[in-house]
Amino acid sequence: QVQLVESGGGLVQAGGSLRLSCAASGRSFESYTMGWFRRAPGKEREIVAGLNWSGGSVYYTSYADSVKGRFTISRDNAKNMVYLQMNSLKPEDTAVYYCAAKRDASYDYWGQGTQVTVSS
């Protein structure tokens, strides 16, 4: 079982940056695929970025088209941490951002979310 706690959200002006952090507790963190999701007001939840475990110490990243080139997902397995660096933020990035973890097909573990608000 994994418990996730996000931090780092806040209010930022358009064009600014934020770094979200996700602290994970539990065993074998390195073997979990980690993802960042977001839910904007009135919209469905969407995956923003994924850091997919391929076995051993191999991971590959994936990004939603709307954030490619602006957001970067990373992890520090020694610290059980996952990060989302968000640059060139836009008002449409405003949402609650969630960290999630999975070992199989679906994301089974979720954090409580952190609010990101981008003002124009």
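**Rings and charges around strand β4**

In this predicted model, ring pairs join Phe37, Tyr107 and Trp110 into a cluster. Aromatic pairs turn up four times in the structure. One of them is made by Phe37 and Tyr107, which meet edge-to-face, with 5.0 Å from centre to centre and 85 degrees between the planes. The two partners come from distant parts of the chain: Phe37 belongs to strand β4 (residues 33-39), while Tyr107 sits in the loop between β9 (95-102) and β10 (109-110), 70 residues apart. Both Phe37 and Tyr107 are buried.

Charged side chains get involved with rings too. Arg45 lies over the face of Phe37, at 5.7 Å from the ring centre. Likewise, Arg75 is placed over the face of Phe29, at 4.6 Å from the ring centre.

Now for the salt bridges, of which there are four. Arg38 takes part in a salt bridge with Glu46 (2.7 Å, N to O) and in a salt bridge with Asp93 (2.9 Å, N to O). Arg38 lies in strand β4 and Asp93 in the loop between β8 (81-86) and β9, so this pair ties together parts that are 55 residues apart in sequence. Arg38 counts as buried because its relative accessible area is 6%, under the 20% cut-off. Asp93 is buried as well, at 1%, whereas Glu46 is partly exposed at 31%.

Another salt bridge links Asp65 and Lys68, with 3.2 Å between the closest N and O atoms. Here Asp65 is exposed, with a relative accessible area of 66%. As for the wider picture, salt bridges with shared partners connect Arg38, Glu46, Arg70 and Asp93 in one network.

Key
Residues are numbered from 1 along each chain as its sequence is written. This is a predicted model: local features need pLDDT of at least 70, side-chain atom pairs count only at pLDDT 80 or more; totals for chains, interfaces and linings use all residues. Side-chain values use heavy atoms; hydrogens and water are left out. Rings of Phe, Tyr and Trp (its six-membered ring) pair if their centres lie within 6.5 Å; planes under 30 degrees apart count as stacked, over 60 as edge-to-face and the rest as tilted. Helices (H or I, at least four residues) and strands (E, at least two) are DSSP runs, numbered from the N terminus. Buried means under 20% relative accessible area, exposed over 50%, partly exposed in between (1.4 Å probe, protein chains only). A charge sits over a ring if NZ of Lys or CZ of Arg is within 6 Å of the ring centre and within 35 degrees of the ring normal. A salt bridge is a side-chain nitrogen of Lys or Arg within 4 Å of a carboxyl oxygen of Asp or Glu.
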